[in-house]
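Work through the following exercises with the chains in view, and try each task before you read its solution.

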Amino acid sequence: MSNPLNISPSPHIHGKESTEKLMYGVVLALMPALFASIYFFGTGAIIVTATSVISCISFEYLIQRFILRKPLSINDGSAIVTGLLLALNLPSNIPVPVIIIGSLVAIGVAKMTFGGLGNNPFNPALAGRVFMLISFPVQMTSWPVPSGFKTGYIDAVTGATPLSIIKEGIKNGESLSQLMEKVPSTANMIFGNMGGSIGEVSALALIIGMIYMLYQKIITWHIPVSIIGSIAVFTALLWLINPESNADPMFHILAGGVLLGAIFMATDYVTSPMSPVAMLIYGCGIGILTVIIRVWGAYPEGVSFAILIMNAFVPLMNTYIKPKRFGEEVKNG
Amino acid sequence: MLKTFPLGGIHPPEFKLTSGSPIKQLPLPQTVAIMVSQHIGAPASLLVNKGDSVKTGQLIASINGFVSSNIHSSVSGNISKIDTIIDTTGYRQTAVFIDVAGDEWVDTIDRSSELVRDINLKPEEITEKCRESGIVGLGGATFPSHVKLTVPTGKKCNLLIINGVECEPYLTSDHRLMLEKGEEILVGISILMKALGVEQAMIGIENNKSDAIAHLTRLSSDYKGITVYPLAVKYPQGAEKQLIKALINREVPSGRLPLDVGAVVHNVGTAYAVYEAVQKNKPLFERVVTITGKSVTNPGNYLVRTGTAVRHLIEAAGGMPDDTGKIVNGGPMMGKALNNTEVPVVKGTSGIILFPSDESIRPELKPCIRCAKCISACALNLEPYLLANLSARGLFERAEIEKITDCMECGSCSYTCPANRPLLDYIRLGKSTVIKMARQRNIK
Amino acid sequence: MSPTVVITIISLSILAVISAVILYFVAQRFKVYEDPRIDDVQAILPAANCGGCGFAGCRNFAEVLVSAETFDGLNCPVGGSTVMDAAAGILGKVPVKVDPLVAVLLCNGTPEFRPFTSVYDGVADCRIQHSLYIGETDCSYGCLGNGDCVRACQFEAMHMDPVTKLPVIIDDNCTACGACVKACPRKLIELRKKAKKDRKIYVACSNCDKGGPARKACKVACIACSKCFKVCEFDAIVIEKNLAYIDATKCTFCRKCVSECPTNSIIEINFPPKKPKIEVQAEAVSN
């Protein structure tokens, strides 16, 4: 015999899935949204995205190399996904130092302190984003108005997002029908011609990304559908009760970060539940919390907070919500 | 829409390289080592001594308890020694070593290839014949067949399911058997039906064996109550409970037997062995084994006597390729890696696969990303990530509550895991520990 | 004072009184009497909660000690006689003398003696490897070298030797808690009686195969040749299942078996250099 034989327990073959493939699949699915915002916001989007991705990778590398002294795993693509998602949640004119601080919080605090990939209870990108929103509220809420591709960065013309127009307007006693004239048309909202974060503006691009991820079986339908569905049902109820102070479901779904959150943020593997039933409950929780924050809360937008709050419930759901097992006998009565 | 089981399942690449190779008889080796334990249950008790001469088909070790099986000599010759040899369990076990001299069969065996269709034995006599002939489940589990044919009082069996799924990649022994011994298999099924007293039998065959489906469908019109059902290709459809779910849409309750839903499942190979035992009086001492692998020059299906060293099969297939890194006994999903080529073929050996060294090393381990792909791959809807974690951390009581003992070790979770986590390794550890714990509890 | 403040003060005070009353009765109702000596005994136990005594942690052991009639069969291997004497003092009972033990590895199959015949490519866990097959060598009884025992040890008394691929036991740290004994799927670790100067003589092999295959798998395997059995004058050696075993309670450390063993499977540890002394002894015997 030439060389000793390998012995390992079965199975002896392995599928083609790998962490890298899944992570780069997510990156690819985010590309349409990125290109859409480059089209609408110009170089600002490129600068923000590049800064965020590079600083996330660098922080992960530095922490693994010098603090944890663990084997490097920056090739798995998870830092790129975090960086991209963080960037897509930011306005395109945010100062570079703020992005770097946000990346440090996302990677250093939300991810690596818990042990790196797979152990973080909260979505790192969202944790970074919420940290920035609370620490730098002005920079984080001055949204550049889309004006075609241009090269300006910090000095971009800023305006309000559709959600803040509605929120401020209702607070000031304006009626909804007046306000609806100020917000972008549905067509503009679908294509992304409105104020907002880099990644959240173009509904169409995000949905293309979702279809790609569903086709590649990177995500399942449960979380996005339950989030969007519960938002639609909840806002439809509010709208039917009082159409004068509540916007219609279509507006709620297209405005703000609902699609970005439902498709890319809430479906983050590490911080979402494992079993399909738990995924549906998790999604509905996010949807309902989002609407509650939007309608009654202090912030015009609530997706990030809703996802982070539901993240905290994931371990509980994983423990108590079990899939129905094969051959499980149904208890009578 | 083809029938299949609804939950989980995977689609590993098939690599059925030998589906077109007719079954050939492997030349007799110089010596054989016949294990006295080739089945689930108690090892058979030896009847022969060193120096005895035996004939092909002679009983050399007899059944020892209800769940056990007779062992017959597969060759004629002299017993050179009774010693231990590393077998497919990975440990040294008792074996009878026989120096082959000629090939003289026991007189009672009908060696003609003529088809005998008339079934003359009564049901109890058929069960007794299977017991005598040492018939065990040839799908791989090697559970003694006479036990399955004995329906306990209070239970009712009304359906026989014949497993022709062969969902493991690479293996083709059942496929070839169905093509070449179709009539015999159908007679064997009729015998099993008579023994169980059932009117209906279903043969489940995966759709990637369309020639076998067509062949058996055509032949089965002559046999009363036997129908062939094509199934969608999905692993692990060959598992008893999954096959029952696919064919009659009933779930065998957790921890129970197929009989609890009125069905009994037998493999096509077993049906053929039953035919030979009952109609030809031939005990089980040879079986079809697939020898295959991507770099094997001459892969094929061979009729092999039990006790033949795996080395002879590899030689018949053109020798061991230089890049061989792993030899697997059985399918790539559930088979066992062998640590030498002297391991003898046993009743449960359905195939020998030689993996090139680059495919025989496990991919690099990465942290679990909680993608839940193991849950969606599990045909039993268990939570493999959780079970593996619990048993790695020694929390076996909780693993038991999470139904770790339901796991059938199909390996779909480890196959799917993008982080290459050894889920099944830990689940298997937990499962055996939990079974041990439960047994101790019962003693107390 | 405004009426609001008054109402608040009064209502909160009433609430506090009601809660206090409820708490008092609940505390009375669910009061559990515990022997105060349990706390005293627990305070002197090592608090390692290793389970070496056979009970679920030090608290449980303290309860058992307090309620026990005598100390027969009760011992804290970690604390040893010091702790047991102190506990006996608190409880007014007679301490039972228990010999201190130390763990030894009954395998000496280093790669030099026991060649590798296959490569294990699974999880580095002895239990998993043990349930899969005989291991990377041809010995189905020997150490698998994945270090389950080292992981089980709470006292930093074990580590894996990268050269020999066997665990090393540090006698000074070993408390004989028995965690490694339970962890080893091949039952290769034995707790033996401690001798003066940590001297040890034992058969460092667990192979129950016959001589031939055992020797083939490992050069230092016990082949059950009975030579040690014959040379021992103190009936300390028994041969069972193709394996010699030296009873540590009977062994007098005369070292005759060590030189007699043809495969060097009997190991002596912490003895002064061997050669000259044996000659002296041999002369003494011949005279």
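**Exercise 1.** In which sense do strand 7 and strand 8 of chain B pair, and over how many bridges?

*Solution.* The model is predicted, so local features are given only at pLDDT of at least 70 and side-chain atom pairs only at pLDDT 80 or more, while totals for chains, interfaces and linings use all residues. Residues are numbered from 1 along each chain as its sequence is written, chains are lettered from A and ligands numbered from 1 in the order in which they are written, and side-chain values use heavy atoms, with hydrogens and water left out.

Begin with the terms: helices (H or I, at least four residues) and strands (E, at least two) are DSSP runs numbered from the N terminus, and two strands pair if DSSP finds at least two bridges between them. Strand 7 (residues 77-86) and strand 8 (residues 92-100) of chain B pair in the antiparallel sense, over nine bridges. One partnership to look up is that of B:Ile85, whose bridge partner in strand 8 of chain B is B:Gln93.

Next, place the pair in its sheet, which is an open one of four strands in chain B with the order 2-8-7-4 and antiparallel pairing. Strand 2 (31-35) and strand 4 (53-54) of chain B each have a single partner strand, so one side of each is left without a neighbour in the sheet.

**Exercise 2.** Describe the six-stranded sheet of chain B, and follow one of its residues to a salt bridge.

*Solution.* First, read the order, which is 1-14-13-17-15-16 in an open sheet with mixed pairing. The edge strands are strand 1 (23-25) and strand 16 (336-338) of chain B, each of which pairs on one side only. Neighbouring strands of this sheet are turned by 30° against each other on average, direction ignored, where the axes are lines fitted to C-alpha atoms, for helices over the stretch in contact, and angles in general run from 0 to 180 degrees between N-to-C directions.

Second, look at strand 13 (residues 286-292) and strand 14 (residues 300-305) of chain B, which run antiparallel and are joined by six bridges. Here B:Glu286 stands opposite B:Arg305 of strand 14. Helix 3 (residues 173-180) of chain B lies across strand 1, strand 13 and strand 14 of chain B, and runs at about 125° to strand 13; contact means heavy atoms within 4.5 Å.

Third, follow B:Arg305 to B:Asp103, with which it forms a salt bridge whose closest N and O atoms are 3.0 Å apart (a side-chain nitrogen of Lys or Arg within 4 Å of a carboxyl oxygen of Asp or Glu). This pair links distant parts of the chain, 202 residues apart, since B:Asp103 is in the loop between strand 8 and helix 1 (123-132) of chain B, and B:Arg305 is in strand 14 of chain B.

**Exercise 3.** What does chain B share with chain A, and which element of chain B gives the most to that side?

*Solution.* Start with the residues in contact, which are 67 from chain B and 39 from chain A. Together the two chains bury about 4300 Å², 57% of it on carbon and sulfur atoms; buried area is the accessible area (1.4 Å probe) that two parts lose on being put together, summed over both.

Then turn to the charged pairs: seven salt bridges are found across this interface, and the side chains of B:Glu383 and A:Arg325 meet in a salt bridge at 3.9 Å, N to O. Strand 15 of chain B gives the most to the side of chain B that touches chain A, with five residues.

**Exercise 4.** How many residues of chain C are in contact with chain B, and how much area is buried there?

*Solution.* In this contact, 19 residues of chain C meet 15 residues of chain B. The buried area is about 1400 Å², of which carbon and sulfur atoms give 54%. In chain C, the residues that lose the most area to chain B are C:Asp121, C:Val123 and C:Arg127, together 33% of what that side buries.

Finally, the count between chain C and chain B is one salt bridge, and the side chains of B:Arg92 and C:Asp209 meet in a salt bridge at 3.3 Å, N to O. Helix 5 (residues 126-132) of chain C gives the most to the side of chain C that touches chain B, with five residues.
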